[in-house]
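Visitor: Could you pick a single part of this model and take me through it closely? I'm happy with the cut-offs being spelled out as you go.

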Amino acid sequence: MSMTSPLKDELELNFQEAERGLSQREALEEANRCLYCYDAPCIQACPTGIDIPTFIKKIASGNYKGSARTIMTANPVGASCARVCPTEELCEGACVLNHSTKPIMIGNLQRYSTDWAIQNKQALFKAGKKNGKKVAIVGSGPAGLSAARELALLGYSVTIFEAEKNPGGLNTYGIVSFRLPQRISYWEVEQVKSLDVEIKTNTRVGLDVSADQLIGEFDAVILAIGMSSVPKLGIEGEDLAGVYDAIDFVKATKTGAISDEFIGKKMAVIGAGNTAIDAATCSVRLGAEQVAIIYRRTQKEMTAYDFEFEFAKQEGVGFHWLTAPSRILADESGHVTGIECMKMVLSEPGEDGRSRPVPISGSEFVIPVDGVIRAIGQSRYIGLIEQFGIKHDDGVVMLEADSYKTSNEKVFACGDVIFGKGQGEAMVVSAAQQGKDTAYEIDLTIMGEAVDIA
Amino acid sequence: MADLSINLAGIKSPNPFWLASAPPTNSGYQVQRAFEAGWGGAVWKTLGDPILNVSSRFAAVSFNGQRVAGFNNIELITDRPLEVNLKEIYETKKRFPDHAIIASVMVEPQQEKWHEIIKRIEAVGVDGYELNFGCPHGMAERGMGAASGQVPELVEKQTYWAKEAASKPVIVKLTPNITDITVTAEAAVRGGADAISMINTINSLAGVDIHSWNTIPHVGGKGAHGGYCGPAVKPIALNMVAECARNPRIGLPISGIGGISNWQDAVEFLLMGSTGVQICTAAMHHGFRIVEDMIEGLSNYLDEKGIASVMDIVGKSVPRYSDWGNLDLNYKVVARINNDICINCNKCHIACEDTSHQCIDMLKDESGISFLRVREEDCVGCNLCSIVCPADGAIDMIELTNELPPMTWNERQAYLGGIENESVDFAK
């Protein structure tokens with residue numbers, strides 16, 4: 001173990017938000033740099049269609065509450081998105097100033113306004129007049145919360161069923177604290193709760209309450225359950241104590257005291273998506289001495305966002321491209337000692353259009369590690385989906401065309417549960433928009449078309 | 001290198017950049033620091049009977065985060081004894097014999113008062129005088145400054161009295177708080193002024209604190225109007241300079257003042273008829289060191305234009321300034337958008353659509369790419385689109401050829417008058 005191993009309270013500091021927010025002066029200068037485009041491309045590029053020039057203009061004028069309201073109206077998880085959105089691929093990538101100077105820091109300005117609202121304990125919305133209809137939402141992640149918010153504004157009585165101890169889903173448990181502190185997610189939850197939305201936590205649908213019960217008691221049900229644990233690798237040694245599920249690994253850093261058991265350790269992370277990056281950077285901040293990401297394809301095929309990749313490199317994470325694990329090694333007492341890998345080569349693309357990695361025989365080599373984290377995607381809550389009796393494809397809920405309706409007319413679905421098989425989007429911001437759209441579709445289904453007075 | 005030295009009504013200075021009479025020229029220490037930094041001249045903080053000042057005194061206007069777009073003050077003339085100022089003027093002049101020191105003066109509008117103070121200043125030696133007929137606050141309530149500067153007879157008389165006692169050139173500093181500044185400028189001419197300077201500050205209230213509801217600035221919860229200056233007033237000052245410069249009944253050298261922040265502003269004032277310029281707010285914002293860039297920028301500009309002396313550009317734009325009735329009604333420009341430079345912010349479209357002549361269309365080409373186009377037949381050439389455009393070079397105002405000969409409103413009316421007279425004759 002390294003002589004300079006950090007003390008445990010220093011580890012806690014590692015999980016404080018990494019990026020500092022803009023100062024008032026920085027926000028003002030940046031806000032004033034915004035051109036206030038008409039029919040702005042940044043709005044088009046935002047999945048939730050936040051009126052970005054308007055919220056930025058409101059920062060410039062000192063109308064912070066109005067600015068936060070503009071953001072949160074369009075995106076009920078706008079404070080989280082300010083931190084986790086791949087802005088260079090969305091709003092900032094579309095900024096017209098990319099063609100002349102440099103794009104506006106839209107994400108940071110969005111964080112400025114929402115931070116202001118959080119710090120000043122602002123309640124931004126009021127529930128709509130009750131229309132007597134009830135909607136159950138399963139899952140309180142970005143999609144479920146957004147649907148709940150919109151339905152509450154429209155006058156529905158909304159009950160959210162959440163299996164975890166606390167609401168917020170991915171934003172509460174799945175994104176590393178140094179990028180998204182839990183208090184941000186909880187504030188967004190509070191904003192929704194303040195609209196008389198009931199959130200039943202520690203309540204697992206399918207166990208504590210049945211799918212049929214929900215379908216029977218509510219006018220509509222939204223399935224926004226996201227995805228489940230990381231699937232097994234299917235290699236020898238993965239049931240060892242030193243092999244972790246990346247989702248659980250990150251969640252552990254957000255639910256209890258920060259563990260000191262990884263100080264000075266060598267860790268391998270299998271996979272190169274955003275969760276893999278989170279698991280790797282988490283390991284670094286837990287004091288691991290060496291952290292390596294092992295990926296069977298190349299940097300080009302990696303699904304992590306560029307900014308995530310950059311962040312991981314800055315944190316000192318190493319990358320083994322075209323490498324796949326074949327065996328996890330342990331000593332006689334069951335402690336992981338290494339991971340045996342094979343070098344890969346990319347061949348013709350398969351059904352999914354991605355080049356297939358093929359192992360090079362005889363290329364086995366061992367990377368000495370003390371722990372392994374699986375981050376090769378997430379499995380699905382197939383059992384629960386089947387309880388609702390709705391059509392799915394390998395756990396991806398199938399929808400009617402241009403709709404969030406499932407094969408049961410009272411059941412709607414949005415968020416990660418509909419992502420995959422060429423359907424949906426994986427981003428938090430997309431889930432938020434899907435939640436909104438699901439709410440509007442339910443309103444249209446239940447209340448019918450608005451009567452045209454003219 | 002071009003010759004930057006000027007001669008304003010006999011007052012010589014190594015360059016056209018003078019510090020205006022204001023807080024920066026309050027003491028010998030400051031003026032000497034300014035001369036060390038490169039300023040060509042300084043108009044000393046107005047001499048007179050020492051006054052009492054209040055606290056606080058200044059306020060500024062920010063615009064979209066840009067500090068000191070405009071500046072407001074309620075400070076009065078010097079609060080130091082005359083003999084102290086005179087001693088320091090003497091010492092400064094002795095140390096910097098080639099730099100211009102002009103004494104700004106303000107006393108009550110009585111002949112003996114003017115004679116007395118001018119004689120005392122004469123004794124220490126200055127290069128000229130500037131009669132402060134412009135200070136709009138405080139002193140005006142006592143019948144001095146702008147109060148006398150707004151009455152042409154008082155401007156004339158006091159100029160005359162000062163000239164009676166002065167052996168050095170007398171500049172009359174005019175207030176902009178008047179409908180037509182040429183009226184008081186002509187009064188200064190009648191009083192025998194050697195030059196005029198303008199503008200002094202404009203009556204202003206910098207702002208109101210929307211939380212405390214106090215004025216900005218306030219003195220223990222009460223405010224009074226101040227004098228406004230800084231970049232925001234430049235267009236007002238430039239017009240007043242130009243109006244005096246093109247008035248044949250004035251014909252005096254002009255020392256231009258008002259919002260000059262850099263060498264380009266200075267060139268504009270020189271072109272519009274100023275022989276030199278006076279600066280205050282820019283120095284108060286950034287310190288005396290800014291003059292280095294002013295001198296270098298002006299020098300480079302003259303060299304690039306192949307102009308030997310700064311005096312050669314004085315007034316060169318004055319013949320181009322006239323009355324609206326003399327503008328050619330048949331001259332026509334239209335906006336043209338350069339789509340390769342355009343960044344598609346659509347600001348031109350919305351400005352034109354909502355507030356001008358609805359002639360910029362938002363279109364898509366066959367591949368779905370957005371672009372903007374001006375319907376030239378509907379464009380009146382107002383310039384608004386090119387003003388709001390943030391991408392340099394994206395919108396050009398193109399001059400169209402017109403088969404019709406130039407025709408001004410005045411010419412048109414004269415011509416129509418002729419027809420009318422003829423038709424009247426015909427009816428007989």
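Guide: Let's start with S56(B), which sits in the loop between β4 (41–47) and β5 (58–63) of chain B. Strand and helix labels here are DSSP runs numbered from the N terminus (H or I over at least four residues for a helix, E over at least two for a strand). Bear in mind that this is a predicted model, in which local features need pLDDT of at least 70, side-chain atom pairs count only at pLDDT 80 or more, and totals for chains, interfaces and linings use all residues. As for names, residues are numbered from 1 along each chain as its sequence is written, while chains are lettered from A and ligands numbered from 1 in the order in which they are written.

Back to that loop: the peptide bond leading from S55(B) into S56(B) is cis, with omega near 5°. There's another cis bond in chain B, from M198(B) to I199(B), also with omega near 5°. I199(B) belongs to the loop between β10 (195–198) and β11 (202–204) of chain B. For context, most residues other than glycine have a negative phi, and most peptide bonds are trans.

On the phi side, have a look at A9(B), a residue other than glycine with a positive phi near 55°. You'll find A9(B) in the loop between β1 (6–8) and β2 (11–13) of chain B. A9(B) has 18 other C-beta atoms within 10 Å, so it is partly exposed. The scale behind that word uses C-beta atoms placed from the backbone: 20 or more others within 10 Å means buried, 12 or fewer means exposed, and anything in between is partly exposed. N64(B) is also a non-glycine residue with a positive phi, near 50°, and its loop runs between β5 and β6 (66–73) of chain B. N64(B) counts as exposed because it has 12 C-beta neighbours inside 10 Å.

Now zoom out a bit. Chain B comes to 13 helices and 20 strands, and its C-alpha atoms fill a box of roughly 80 × 65 × 55 Å along the principal axes. Of its 428 residues, 43% count as buried. Contacts (C-beta atoms, placed from the backbone, within 7 Å) come next. Among those in chain B with a separation of 6 or more, 73% join residues 24 or more positions apart.

How do the helices pack? Two packed helices are described by the angle between their axes and the distance between the axes. Axes here are lines fitted to C-alpha atoms, for helices over the stretch in contact, and angles run from 0 to 180 degrees between N-to-C directions. Take α1 (residues 28–37) and α2 (residues 82–95) of chain B: their axes come within 9 Å and cross at roughly 20°. α1(B) and α2(B) are therefore roughly parallel; the bins are under 35 degrees for roughly parallel, over 145 for roughly antiparallel, 65 to 115 for roughly perpendicular, and oblique for the rest. The crossing of α1(B) past α2(B) is right-handed, the near helix being turned clockwise from the far one by less than a right angle (anticlockwise would be left-handed). G28(B), V31(B) and Q32(B) on α1(B) meet E88(B), E91(B), T92(B) and R95(B) on α2(B). That contact breaks down into 1 nonpolar, 3 polar and 3 charged residues, where Ala, Val, Leu, Ile, Met, Phe, Trp, Tyr, Cys and Pro are nonpolar, Asp, Glu, Lys and Arg are charged, and the others, Gly among them, are polar.

Next up are α6 (residues 181–190) and α7 (residues 234–245) of chain B, with axes that come within 9 Å and cross at roughly 50°. That makes α6(B) oblique to α7(B), and this crossing is right-handed. I181(B), T182(B) and A185(B) of α6(B) touch M240(B), E243(B) and C244(B) of α7(B), a mix of 4 nonpolar, 1 polar and 1 charged.

Last stop is α11 (residues 347–355) of chain B, where K347(B), C348(B), H349(B) and C352(B) are buried. Their cover includes β18 (360–364), β19 (370–374), α12 (384–388) and β20 (395–400) of chain B.

How values were computed
Two residues are in contact if their C-beta atoms, placed from the backbone, lie within 7 Å.
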